[in-house]
Amino acid sequence: MATAADAELILKLYEMRREETLRKARRFLVFEFQPKTVEELRVVSRDVKAEHNPSWRQVLSYWEMAASLVLRGALDPDLFLDSNAEGILLYAKFHHFHAETERESGNRFMAQTAALIDAYPAARSRYEGFLKSFGPASTST
């Protein structure tokens with residue numbers, strides 16, 4: 001059950017999302033960045049000198065931090081999942097590009113978000129819905 005402290009933390013997370021640099025970075029990853037190949041993705045995700053690499057790092061680390069707060073018990077999962085699905089959307093949009101790398105390295109892409117999806121049916125349901133709109137035809141975690 002959510003507490004007043006959970007509500008305060010949700011509002012803090014929302015306030016952080018409204019910061020202009022993060023807002024622009026989120027807009028880029030959600031709406032503008034549409035890689036068709038792993039090579040196109042890696043231009044942004046791996047090249048630290050690429051124009052949009054800071055956006056990649058900032059947005060993914062923000063959502064990983066938020067997921068970690070839920071997984072570690074600092075934030076009520078139901079309250080979080082009521083209004084914070086963008087990290088799950090990004091996982092659905094980009095995970096398939098990392099599936100081979102994950103198998104090779106053993107390191108999960110967006111590990112905290114993946115664990116959130118695995119742990120909570122509401123997160124899994126959102127993920128599956130986003131896959132229909134943003135993911136490839138056949139993807140699984």
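Buried means under 20% relative accessible area, exposed means over 50%, and partly exposed is what lies in between, with a 1.4 Å probe and protein chains only as cover. I wrote that down before anything else, because Arg108, at 35% relative accessibility, counts as partly exposed on that scale.

**Ground rules.** I am working from a predicted model, where local features need pLDDT of at least 70, side-chain atom pairs count only at pLDDT 80 or more, and totals for chains, interfaces and linings use all residues. Residues are numbered from 1 along each chain as its sequence is written, and side-chain values use heavy atoms, with hydrogens and water left out.

**Core.** I looked up the largest nonpolar core and got 38 residues. A nonpolar core here is a set of buried Ala, Val, Leu, Ile, Met, Phe, Trp, Tyr and Cys residues joined through side-chain atoms within 4.5 Å. Leu29, Trp56, Phe80, Leu90 and Phe94 have the most contacts inside this core. I then checked which elements give two or more residues to this core: helix 1 (4-17), helix 2, helix 3 (38-45), helix 4 (53-71), helix 5 (77-83), helix 6 (86-105), helix 7 (111-119) and helix 8 (121-134). Helix 4 supplies the largest share of this core, 8 residues. For the helix names: helices (H or I, at least four residues) and strands (E, at least two) are DSSP runs, numbered from the N terminus.

**Salt bridges.** I searched the whole structure and found 3 salt bridges. The cut-off is a side-chain nitrogen of Lys or Arg within 4 Å of a carboxyl oxygen of Asp or Glu. As background, side chains of opposite charge can pair when their charged atoms come close.

I took Arg26 and Glu86 to start with; their closest N and O atoms are 2.7 Å apart. This pair links distant parts of the chain, with Arg26 in helix 2 and Glu86 in helix 6, 60 residues apart. Are these two partners buried or exposed? Arg26 counts as buried because its relative accessibility is 13%. Glu86 is buried as well, with a relative accessible area of 17%.

Next I went to Asp118, which forms a salt bridge with Arg108, the closest N and O atoms being 3.0 Å apart. Asp118 lies in helix 7 and Arg108 in the loop between helix 6 and helix 7, so this pair ties together parts that are 10 residues apart in sequence. Asp118 is partly exposed, with a relative accessible area of 43%.

Arg124 also forms a salt bridge with Asp118, and here the closest N and O atoms are 3.1 Å apart. Arg124 is partly exposed because its relative accessible area is 24%. Shared partners join Arg108, Asp118 and Arg124 into one salt-bridge network.

**Met110.** I stayed in the loop between helix 6 and helix 7 to look at Met110. Met110 is not a glycine, yet it has a positive phi of about 45 degrees. Met110 is buried, at a relative accessible area of 5%.

**Positive patch.** Which residues gather in a patch of positive charge on the surface? I noted Arg18, Arg23, Lys24 and Arg27. Patches are made of residues with over 30% relative accessible area and no salt bridge; like charges are joined within 9 Å, and nonpolar side chains (Val, Leu, Ile, Met, Phe, Trp, Tyr) within 5 Å. Of the patch members I looked up Arg23, which lies in helix 2 (residues 20-32). Arg23 counts as partly exposed because its relative accessibility is 33%.

**Distances, C-alpha to C-alpha.** I asked how far Phe33 is from His52 in space. They are 9.4 Å apart, with their positions 19 residues apart in sequence numbering. Phe33 is in the loop between helix 2 and helix 3, and it is buried, with a relative accessible area of 8%.

Pro77, in helix 5, is separated from Glu100 by 30 Å, though they are 23 residues apart along the chain. Pro77 is buried, with a relative accessible area of 18%.

Finally I checked Ala122, in helix 8, against Val59: 63 residues apart in sequence and 22 Å apart in space. Ala122 counts as partly exposed because its relative accessibility is 41%.

Notes. Accessible areas come from the Shrake-Rupley method with a 1.4 Å probe; for residues, only the protein chains shown count as cover. Lys and Arg count as positive and Asp and Glu as negative; His and the chain ends are not counted. The place of a charge is taken as NZ of Lys, CZ of Arg, CG of Asp or CD of Glu.
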